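Me: I'm new to this one. Can you walk me through how the labels are earned?

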Amino acid sequence: MEKLSGLSHLFMTIFLHNFSTFMVIPAITDVTMSALCPGRDQCSLAIYLTGFQQAIIGLGTLVTMPLIGNMSDKYGRKVLLTVPMSLMIVPSAILAYGRTRNFFYAYYVARTLIAMLSEGSVHCLALAYVADNVPESRRASTFGILTGIASSAFVCGNLSTRFLSTPSTFQVSASVAIAALVGIGKGKGKAIEQLTTPILTYKGSGKGKANAGCCANEIPSKDVRVFKSAPSLEDMLCLLKSSVTLSQAAVVAFFYSLAEVGLHASLMYYLKAQFHFSKDQFADLMVISGIAGTVSQLVIMPILTPALGETRLLAVGLFFTCVHVFLYSIAWTFWVPYVAAMFSILFVFSHPCMRSIVSKQVGSCEQGKAQGCISGISSFANVISPLVFSPLTALFLSEGAPFPFPGFSIMCVGFASMIAFIQSLMMRTAPPIANQKVVNTFYVDA
């Protein structure tokens, strides 16, 4: 409990950041449609632009996520957390000011460029920080708590959107994002000191030496070694090859992200075209999913993880991911998506279990690198997924569909999640690696 209380400031920052980020999601589809295709429930241009944006963001994060994770090992988590949290204020501020077509395009460009640098980095750095400060035996449940806090922010953000007007939604989002940034900058206490202190410090005294202790035995005393700012592709492949479990987790991460982003790219446009959903219905759907996910991660997951283990729980989560996606694809009336959203109570196990498995395959000096590598692989899936699923969605929602199956693209997303599930069944968790380096190619002579 003492460790978790030391993480309280990080948890509050993550809550505020996610509250700001998630509360705009139910409103953005209506803003996009009204700016590009006013008065219509189906708009291929909106679907293609959203898919293109997600592909470009994925391409950017493919490069930046391993870099950010690696740099956080050297410069400290707090410094790297501050940058994306500052930048993410801008898109919400633009739509808080205006939502006409010109303002939408300004938002579109700003959101694309900023997300290329920042998408997912806050969560990745938070995971690395938790791995630094929590024993391996409690890491999976703590990852679940962190994800549960993000889910509770998801619920609160979407619930707020349900009762706010569209202009107020973006104004509140920008204000909360500023509050999160101020909080991480002014926070004091043990957790913030650890966030500020670089994980690797090879010279000097005090906390820097203590934090570097895990690597002291691997760094020759005659030479000063420093991290390269950006790991090469060869370095990342070497890290993945160092553990069969890590390689299997990378495959799971790829297909899980392929399905997750594909669903995100298609679902709201599909529901709007099929059942005329708007901001309020999207918010209701997300609140149901978020409440189920929060209860699961904060209550059910800490109980099931010791009993079943992360590998089995990962397979359970991925199985119900398949079920809920397939249910969306064959939705025959407006209440079916609400039932599908309730499966969040089981499919939310996937992400924290996968990240916990990854964290146990590397030493404490490589947590940022390993999490950044997995996030980079997920980002590669983020590039491919919109390019595949957005055109499929636009095609099968149009009048020129090859056959009458509006949810066909959603069903294809389900097949991608099924591949991740099958791979998780073949995964065998190797013994955890504690306080040792897996790969030495990340070090170069200064």
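**Contacts, core and salt bridges**

Me: What is F170 in contact with, leaving aside its neighbours within four places in sequence?

Reply: F170 touches V24, A27, I28, V31, S92, L95, A96 and R99, where contact means heavy atoms within 4.5 Å. This is a predicted model, where local features need pLDDT (the predictor's confidence in each residue, from 0 to 100) of at least 70, and side-chain atom pairs count only at 80 or more, while totals for chains, interfaces and linings use all residues. Residues are numbered from 1 along each chain as its sequence is written, and side-chain values use heavy atoms, with hydrogens and water left out.

Me: Why is K272 called buried?

Reply: Buried means under 20% relative accessible area, exposed over 50%, and partly exposed in between (1.4 Å probe, protein chains only). K272 has 8% relative accessibility, so K272 counts as buried.

Me: What makes K272 and D30 a salt bridge?

Reply: The rule asks for a side-chain nitrogen of Lys or Arg within 4 Å of a carboxyl oxygen of Asp or Glu. K272 and D30 meet at 3.0 Å, N to O, so the pair fits that rule.

Me: And why is R162 called partly exposed?

Reply: R162 has a relative accessible area of 28%, which falls between the two cut-offs, so partly exposed is the right label.

Me: How do you know which stretches to read with care?

Reply: Over residues 187-229, pLDDT stays under 50, and the same goes for residues 434-446. Where pLDDT is low, the predicted coordinates should not be read in detail.
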